[in-house]
Structure formats: C-alpha cells, structure tokens
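Student: I am new to this structure and would be grateful for a close look at a single part of it. Please choose one element, describe it carefully, and then relate the description to other parts of the chain.

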Amino acid sequence: MTLNQVKSLYQEQLKPLYPENEIHSILQIVCEDLLNWSRSDFMIKDREELNHLQEEILQKSLRELRTSKPVQYITGKAHFYGHVFAVNEHTLIPRQETEELVDMIIKDHKAETYLNIIDIGTGTGCIGLSLKAAKPDFIITLMDVSEEALATAQSNANYLKIPVKTILQDVLALNELPEKYDIIVSNPPYVRDLEKAEIHKNVLENEPHLALFVDDNNALVFYRKIMELSKDALQPNGKLYFEINQYLPEEMKALATELGFQSEVYKDLNGNYRMMKCWRD
C-alpha cells in the first residue's frame with residue numbers, strides 16, 4: 001500500500017466525521033508523530049510503498065480515529081507554541097486560542113524578568129511551561145485539581161527540562177493562594193452544559209469533562225473565585241489573564257467590574273472573544 005492509497009482510505013472512512021482538509025491534517029499528524037516523518041516526507045512519499053510496520057500503524061490509527069478519538073490521544077502528543085507536550089485522557093488537548101493567550105502574555109511582558117506566575121488549572125502545563133521556555137527567569141507554579149493531570153504537567157516539565165513548582169489543589173476550595181504573584185493565568189472550565197450540542201463528538205466523548213464544563217446557572221464560578229483570591233495574591237502592578245467563553249465577554253467584564261478590576265477582552269484569530277486581561281488601578 002502506498003501513502004496515496006492510505007490518503008484515499010482515510011478520506012473515505014473519516015468523511016462522516018471530519019471535513020476533507022482536516023482529514024488530510026490528521027493523517028499528516030499521524031505520519032509525523034508516529035512514523036517520525038518530516039513534513040516534506042509526507043509531501044514527497046505519495047507513491048512509495050509503505051513497509052509492514054508503517055501500514056500497520058496507519059491502519060490501527062484509522063480504526064481509532066473512526067471511533068471519534070482525537071488524533072492527539074492516539075499519538076500521545078500535542079504541538080503547542082513550538083513545543084511538544086504529552087497529552088492523555090486526563091488532560092485537555094492544547095488549542096490555538098490558548099497559544100494566542102500565551103503569546104499575549106509574553107508580548108505584554110517582554111521587557112520584564114523574575115515575574116512570579118501561577119497557572120491555575122494547568123492540565124498539560126502548556127501555558128506555564130511555554131511562558132517559562134520563552135522567559136527562563138520567570139518563576140512558574142502549576143496548579144491543578146487532578147492528580148493525573150498534574151503528573152502529566154510535571155512529566156512535560158521534565159521532558160522540556162523546565163523547573164517548575166506544582167500544587168495539587170482544587171482552587172474552589174482555597175481561601176488564599178500560597179504566594180504573591182505578578183501574573184495569575186487560567187484556562188478554567190467554561191463550557192456551559194447548554195453548549196454541549198455545539199461540541200464535536202471527539203471532544204465530548206474523549207476529553208475530561210472536569211476540565212471542560214460548568215453548570216449553566218454558575219458559568220463563571222472559576223473566574224469569580226480566581227478574581228476573589230487575586231485581590232490579596234496579586235502584586236500591586238500584577239495582571240490576571242484568562243481564556244474565556246466566547247459567548248460571555250460582557251458577563252466577564254461585568255464580573256471584573258463588580259470585583260474591582262479594570263478589564264479588556266480580546267478576539268482570537270477566528271474573531272471570537274477568547275482572551276481577557278484584568279488589573280487593578
């Protein structure tokens with residue numbers, strides 16, 4: 001079997017689940033992460049015969065993909081802000097809008113060093129670890145309620161040779177944060193139950209609901225708690241950064257105002273409000 005034949009097979013069998021261009025990208029990820037091919041290999045090996053092991057890997061991956069399992073959970077890897085992070089069923093798959101949040105923080109603080117930062121609800125650690133990789137003098141603490149997620153974040157830190165502190169903790173159960181911080185950043189659960197109908201099956205059936213969903217009647221519970229904690233934990237010129245629900249920017253701004261913060265919301269590259277920055281006068 002050639003790669004061209006595999007491409008046709010993937011298109012045929014995954015057509016009910018994904019658009020054509022996404023199927024192409026998925027196969028490319030499988031080839032790069034499981035066959036260790038380069039991007040150019042994927043482009044030029046169309047007509048080459050695959051060996052038995054390569055064909056077996058591609059067929060096995062296709063079987064898993066047909067169950068709506070995300071490709072990152074099949075490869076065990078996610079590419080984020082120039083780094084490779086281990087992912088599993090205990091962690092969310094890092095996404096483009098979260099990269100944009102990281103990029104915003106780095107650009108806002110490109111002239112600063114020795115900032116103390118906590119990443120609350122860290123998952124894979126992608127936010128905190130990417131910040132530390134870009135700014136080695138930053139001091140990073142990763143917090144998560146999930147022991148398995150925090151272990152994954154620590155494993156990613158070890159792989160990237162990035163020193164961090166970790167805290168196993170439910171932020172909702174805290175009365176105070178352990179230190180004073182220059183930056184508090186979080187991508188907490190924010191998808192309301194009413195929005196589940198919009199969620200792709202591969203997310204809904206595979207990614208951890210603990211890290212995704214909140215009750216319709218208390219959608220901002222994590223943001224409220226983190227803002228309340230930050231009143232004492234944020235340094236005088238400190239900043240809060242959040243990834244937010246695209247449908248709730250005005251509610252987020254109202255919450256920030258209620259709790260004594262100035263705020264601004266920002267659109268991602270797809271034109272959705274996904275990022276927020278808060279500060280105190």
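Tutor: Let us take helix α7, in which the buried residues are C126, I127, G128, L129, S130, L131 and K132. The model in which they are seen is a predicted one. Helix α7 spans residues 126–134, and seven of its nine residues are buried, so the helix is largely enclosed by the rest of the structure.

The residue that opens this helix, C126, deserves attention on its own. C126 has a relative accessibility of 7% and therefore counts as buried. As C126 is a cysteine, one may ask how many disulfides are present; the count comes to zero. A disulfide is a covalent bond between the sulfur atoms of two cysteines. For the pair to be counted here, the two sulfur atoms would have to lie within 2.5 Å of each other. The closest cysteine sulfur to that of C126 belongs to C278 and is 20 Å away, so the two are too far apart for a bond. Seen from the other side, C278 is likewise in no disulfide, its nearest cysteine sulfur being that of C126 at 20 Å. C278 also counts as buried, because its relative accessibility is 0%.

Burial is found outside helix α7 as well, and a loop provides one example. L177 is located between strands β5 (165–168) and β6 (181–186), and with a relative accessible area of 8% it is buried. Apart from residues up to four places away in sequence, L177 touches I118, I120, M143, I184, L229 and A233. The C-alpha atoms of L177 and I117 are 12 Å apart in space, while 60 residues separate the two in sequence.

A helical example is Q54, which belongs to helix α4 (residues 52–65). Q54 has a relative accessible area of 17% and is therefore buried. Once its neighbours within four places in sequence are set aside, Q54 is in contact with L35 and W37.

Helix α4 in turn leads to helix α1, and to the way in which helices pack. Two packed helices are described by the angle between their axes and the distance between the axes. For α1 and α4, the angle is about 10° and the axes are 10 Å apart. An angle under 35 degrees counts as roughly parallel, and α1 and α4 are therefore roughly parallel to each other. Their crossing is right-handed. In this contact, α1 contributes V6, L9, Y10, Q13 and L14, and α4 contributes L58, Q59, S61, L62 and L65. By class, these residues are seven nonpolar, three polar and no charged.

Helix α1 (residues 3–14) also packs with helix α2 (residues 20–34): their axes come within 10 Å and cross at roughly 130°. The arrangement of α1 and α2 is therefore oblique, and the crossing is again right-handed. Here L3, V6, K7, Y10, Q11 and L14 of α1 meet E20, I23, H24, L27, V30 and C31 of α2. The contact of α1 with α2 holds eight nonpolar, two polar and two charged residues. V6, Y10 and L14 of α1 thus appear both in the contact with α2 and in the contact with α4.

Key. Residues numbered from 1 in each chain as written. Predicted model: local features only at pLDDT ≥ 70, side-chain atom pairs only at ≥ 80, totals over all residues. Heavy atoms only, no water. Axes fitted to C-alpha atoms, helices over the stretch in contact; angles between N-to-C directions. Helix = DSSP H or I, 4+ residues; strand = E, 2+ residues; numbered from the N terminus. Parallel < 35°, antiparallel > 145°, perpendicular 65-115°, else oblique. Left-handed = near helix turned anticlockwise from the far one by under 90°. Contact = heavy atoms within 4.5 Å. Nonpolar A, V, L, I, M, F, W, Y, C, P; charged D, E, K, R; others polar. Buried < 20%, exposed > 50% of the residue type's maximum accessible area, 1.4 Å probe, protein only.
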